[in-house]
Amino acid sequence: MLATTDMTASEIADDMLEHEEKEYDEHVWLSLKNAQTLCKAIAEAFETADPARKDIYEANVDSYIEKLSSLDGQYQDAVAGASQKTLLFGDRFPFRYMVDDYGLKYYAAFAGCSAESEASFETISFLAKKADELGLKNIMTIENSDQKIAKTIRDNTKDKKQEILTLNSMQSTTSKDVKNGATYLSIMENNLKVLKKAMQ
């Protein structure tokens, strides 16, 4: 249905929703479930290319998937026992797969990793009111954020006391980080600690 001038605002909004394209998130690695699928696919590719070492690849991937599955269970347990299951991001939002995996709700200043760098007054106002309405103790950002938007949201809440917490999307992990011990598992384990605090 095409919007016409004699349609009500509600009908126009419904029409837009019907034709809205599905939003995709390229950050597939932020789902521990996706990570398990990806590891299996990588191992199978190695086994095909190097069949003489198939047993080694199988053993390694099985061991790693066990660790991923265990961490996934820890995320599930943390969310199941949480008193607050809504995250508010004063930032971009690359965690769509993560929140979908565990049934979390979210609000964000920008969809995905938008190129926008300034949030509108309406967006700031909406998020500040949502933080008040839900009694949120934290406002989320992603790594390397200047936290400007998150701080502005906090400054527009009633008590202005929300702590700003950071989840790591691994988009800017460097070789230096890896050399210093950063791994996929260690980053996701730290994200779980942050998530637990955010859900208090």
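## Overall fold

Eight helices and four strands make up this protein. The model you have in front of you is a predicted one. Following the sequence from its start, the elements come in the pattern α-α-α-β-α-β-α-β-α-β-α-α. The protein has 200 residues, and 37% of them count as buried.

## Two packed helices

Let us begin with a pair of helices. Two packed helices are described by the angle between their axes and the distance between the axes. Here helix α5 spans residues 121-134 and helix α6 spans residues 148-155, and the two pack at an angle of about 60° with their axes 8 Å apart. That angle makes α5 oblique to α6. The crossing in which α5 passes α6 is right-handed.

## Salt bridges

Side chains of opposite charge can pair when their charged atoms come close. Across the whole structure, a search finds seven salt bridges. Three of them are worth a visit: E58 with K54, E133 with K130, and K197 with E163.

The pair in helix α3 comes first in this tour. The closest N and O atoms of E58 and K54 are 3.9 Å apart, which places the pair within the 4 Å allowed for a salt bridge. Because E58 and K54 stand four residues apart in α3, about one helical turn separates them. Both partners fall in the middle class of accessibility: E58 is partly exposed, with a relative accessible area of 32%, and K54 is partly exposed as well, at 38%.

Helix α5 carries a bridge of its own, where the side chains of E133 and K130 meet at 3.4 Å, N to O. These two residues are three apart in α5, about one turn of the helix. How do they stand towards the surface, buried or exposed? E133 is exposed, with a relative accessible area of 58%, whereas K130 is buried, at 12%. The value for K130 is under the 20% that bounds the buried class, and the value for E133 is over the 50% that bounds the exposed one.

The bridge between K197 and E163 has an N to O distance of 3.1 Å. This pair links distant parts of the chain, with K197 in helix α8 (residues 184-198), E163 in strand β4 (residues 163-167), and their positions 34 residues apart in sequence. K197 counts as partly exposed at 35% relative accessibility, and E163 counts as partly exposed at 35% too.

## Along helix α3

Helix α3 covers residues 54-80, and A80 has its place there. Y75 also lies in α3. What is the accessibility of each? A80 counts as exposed, at 59% relative accessibility, while Y75 is buried, with a relative accessible area of 0%.

Each of these residues also has a partner from elsewhere in the sequence. The C-alpha atoms of A80 and G103 are separated by 9.5 Å, with the two positions 23 residues apart along the chain. For Y75 the partner is E189: they are 114 residues apart in sequence, and 9.2 Å apart in space from C-alpha to C-alpha.

## A nonpolar surface patch

On the surface, V28, L38, I42 and F46 form a nonpolar patch with about 330 Å² of accessible area together. One of its members, V28, belongs to the loop between α1 (9-19) and α2 (32-49). V28 counts as partly exposed, at 30% relative accessibility.

## Two backbone angles to look at

Most residues other than glycine have a negative phi, and most peptide bonds are trans. Which residues have a positive phi here although they are not glycines? Q147 has a phi of about 65°, and M170 likewise has a positive phi of about 65°.

Both residues sit in loops. Q147 lies between β3 (138-142) and α6, and M170 lies between β4 and α7 (175-179). Their accessibility classes are worth a look as well: Q147 counts as partly exposed, at 22% relative accessibility, whereas M170 counts as buried, at 14%.

Note on methods:
Residues numbered from 1 in each chain as written. Predicted model: local features only at pLDDT ≥ 70, side-chain atom pairs only at ≥ 80, totals over all residues. Heavy atoms only, no water. Patch = residues over 30% accessible without salt bridge, like charges linked within 9 Å, V, L, I, M, F, W, Y side chains within 5 Å. Areas by Shrake-Rupley, 256 points an atom, 1.4 Å probe, with all protein chains shown as cover. Buried < 20%, exposed > 50% of the residue type's maximum accessible area, 1.4 Å probe, protein only. Axes fitted to C-alpha atoms, helices over the stretch in contact; angles between N-to-C directions. Parallel < 35°, antiparallel > 145°, perpendicular 65-115°, else oblique. Left-handed = near helix turned anticlockwise from the far one by under 90°.
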